[in-house]
Amino acid sequence: MPNGPEDRLDRRDFMMASFATVGASAALVANAASANAQAAATPSAGPAAGGSSATVYTGDTIEGKKVVSALDVNDLEAGRKHLLYFQGVEMPGGQHWYVSVTVAKGARPGKRVVLVSGVHGDEMSSIHTVQSVMNQLDPARMAGTVMAVTDVARPALEGMQRRWPNSGRGNDLIDMNREWPGNETGATAPSRHAGLLFNRLLRPNADVAIDFHTGTTGFDVSAFNIAGMDVAAVKAMVELYPVGQIFDNHVYPGVLHNAFVDAGIPSFCAEVGAARSLDLEMIQLFVEGTLNVLKHHGILAGPMGRTGKDVAVFVGNSAFPILATHGGLVEHLVRLNDKVTAGQKVAIQRNGFGEVVAEYTSGVAGEVTGQRSDALAEPGNPLVFILFHAAAPGGSETYPE
Ligand SMILES: [Zn+2]
């Protein structure tokens, strides 16, 4: 667990260094710091700050859905669902990126829960999880409000890729989950988009927030939640998920669920398996857990479903990365969720002749939580992540997301 910003930055530098972009990492850190400073200096920026917001309709309608540039769910009619578009940042061509917003406004007042997906553009099961929860809600029988945003990084989604194609200095790619809480006057469109969403849509309507992700293209993960378990309100929620692993760690600055936590809103990150495809069986586990969370907060009535107790959840506070030392084909010897011992061989790698050029072992005892699914790897690529419990978590672990 990180002890402060320095630890967090160290760990991100470590991760970025494995991709040989230390300079870019430093620049991102600087941007994040300046965005944070700006946000702190202008706490009332945005019409939605301080809970005294008002919904702003732009006057546009897209395919029958009204467009808003700010939303206060208190302004919406109770006892029904509302489908809206939120006006995000402008594209280079001058039109806006719009994100899909579904609000289930309960007949009676209560807590407000925000469900987010699509911060990365290749994470389909996260989107389907949120849609499945929303489709099961009947506002007439609810106390409180559930708001879903399913396509935060729209341009990334259009290419079903992780990062946002940005046209700053020629085309580059920006990871939206290093941009939060964003900056409405930031140096990139994704930073501004994050700022608009966070200030005018997400934060003002959240008493609780969950950000749904999956592994990334070429790298599969097990079903797990990332959560700071030292926060009682967060611990209570993640324990309601019947999924096998919890990564108890505060991970990086700049990720959306940490921006919520920093704003005083209990939040965590759900990781729903592999990217690009739908894992309907795994999705169902996260739907069940999320419905449990809504019951926990009194939004829904009815008995709890299965929880972490029913699946003997494994909790680790660290993720041990095993990085490729060679180029070649990687052959895994273990599977996701397998328990491994320190020193156990978990993968081998072959060159073009089929000769074994590398054998990879776990440095720790724990459970497999992520595996490279692209079979060809080059030096530095993460091949396996082992979730484990460290007595004193170091400042160097990274994690799959
Ligand atoms: Zn993600």
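The exercises below work through the zinc site, strand pairing and aromatic contacts of a predicted model.

**Exercise 1. The zinc site**

Identify the protein donors of the zinc ion and classify the geometry of the site.

Solution.
- Step 1. The donor atoms belong to three residues named in the chain: His120 through ND1, Glu123 through OE, listed twice, and His213 through ND1. Their distances from the zinc ion run from 2.0 to 2.4 Å.
- Step 2. Along the chain, these donors have the spacing H-x2-E-x89-H.
- Step 3. Histidine 120 sits in the loop between strand 5 (108-116) and helix 3 (124-135), and histidine 213 in strand 9 (residues 208-213), so the pair connects parts that are 93 residues apart in sequence.
- Step 4. Both histidine 120 and histidine 213 are buried.
- Step 5. The angles among the four donor atoms span 57 to 142 degrees. A tetrahedral site would need all angles between 85 and 135 degrees. The zinc site is classed as irregular.

**Exercise 2. The partners of strand 5**

Determine how strand 5 pairs with strand 6 and with strand 9, and give a residue pair for each.

Solution.
- Step 1. Six bridges join strand 5 to strand 6 (residues 143-149), and the sense is parallel. Leucine 115 has alanine 148 of strand 6 as its bridge partner.
- Step 2. Between strand 5 and strand 9 there are four bridges, again in the parallel sense. Here valine 116 is opposite aspartate 211 of strand 9.
- Step 3. The connection from strand 5 to strand 6 involves helix 3: the three elements form a β-α-β unit, which is right-handed.

**Exercise 3. An open sheet**

Give the strand order of the four-stranded open sheet and find its edges.

Solution.
- Step 1. The order is 19-18-16-21, with antiparallel pairing.
- Step 2. An edge strand pairs on one side only; this holds for strand 19 (356-361) and strand 21 (376-377).
- Step 3. At the strand 19 edge, strand 18 (residues 345-350) is the antiparallel neighbour, joined by five bridges. Within this pairing, isoleucine 348 faces glutamate 359 of strand 19.

**Exercise 4. Two aromatic pairs**

The model has eight aromatic pairs. Classify the pair of phenylalanine 198 and phenylalanine 260, then that of phenylalanine 219 and phenylalanine 385.

Solution.
- Step 1. For phenylalanine 198 and phenylalanine 260, the ring centres are 5.4 Å apart and the planes meet at 55 degrees, so the pair is tilted. An edge-to-face pair would need planes over 60 degrees apart.
- Step 2. Phenylalanine 198 belongs to helix 5 (residues 189-202) and phenylalanine 260 to helix 7 (residues 256-262), so their contact ties parts 62 residues apart in sequence.
- Step 3. Phenylalanine 198 has 2% relative accessibility and counts as buried; phenylalanine 260, at 0%, is buried as well.
- Step 4. For phenylalanine 219 and phenylalanine 385, the ring centres lie 5.6 Å apart with planes at 75 degrees, so this pair is edge-to-face.
- Step 5. Phenylalanine 219 is in strand 10 (residues 219-221) and phenylalanine 385 in strand 22 (residues 382-388), so the pair links parts 166 residues apart in sequence.
- Step 6. Phenylalanine 219 is buried at 7% relative accessibility, and phenylalanine 385 is buried at 4%.

**Exercise 5. Further ring contacts**

Which residues does the cluster of ring pairs link, and what lies over the face of tyrosine 57?

Solution.
- Step 1. The cluster consists of Trp180, Phe198 and Phe260, linked by ring pairs.
- Step 2. Lysine 66 lies over the face of tyrosine 57, 5.7 Å from the ring centre.

Notes. Residues numbered from 1 in each chain as written. Predicted model: local features only at pLDDT ≥ 70, side-chain atom pairs only at ≥ 80, totals over all residues. Heavy atoms only, no water. Pairing = 2+ DSSP bridges. Helix = DSSP H or I, 4+ residues; strand = E, 2+ residues; numbered from the N terminus. Phe/Tyr/Trp six-rings, centres within 6.5 Å; stacked < 30°, edge-to-face > 60°. Buried < 20%, exposed > 50% of the residue type's maximum accessible area, 1.4 Å probe, protein only. Lys NZ or Arg CZ within 6 Å of the ring centre and 35° of its normal. Donors = N, O, S within 2.8 Å, 3.2 Å for Na, K, Ca; no water. Tetrahedral: all angles 85-135°; square planar, octahedral: opposite > 155°, others 65-115°. Right-handed = clockwise from strand over helix to strand, strands pointing away.
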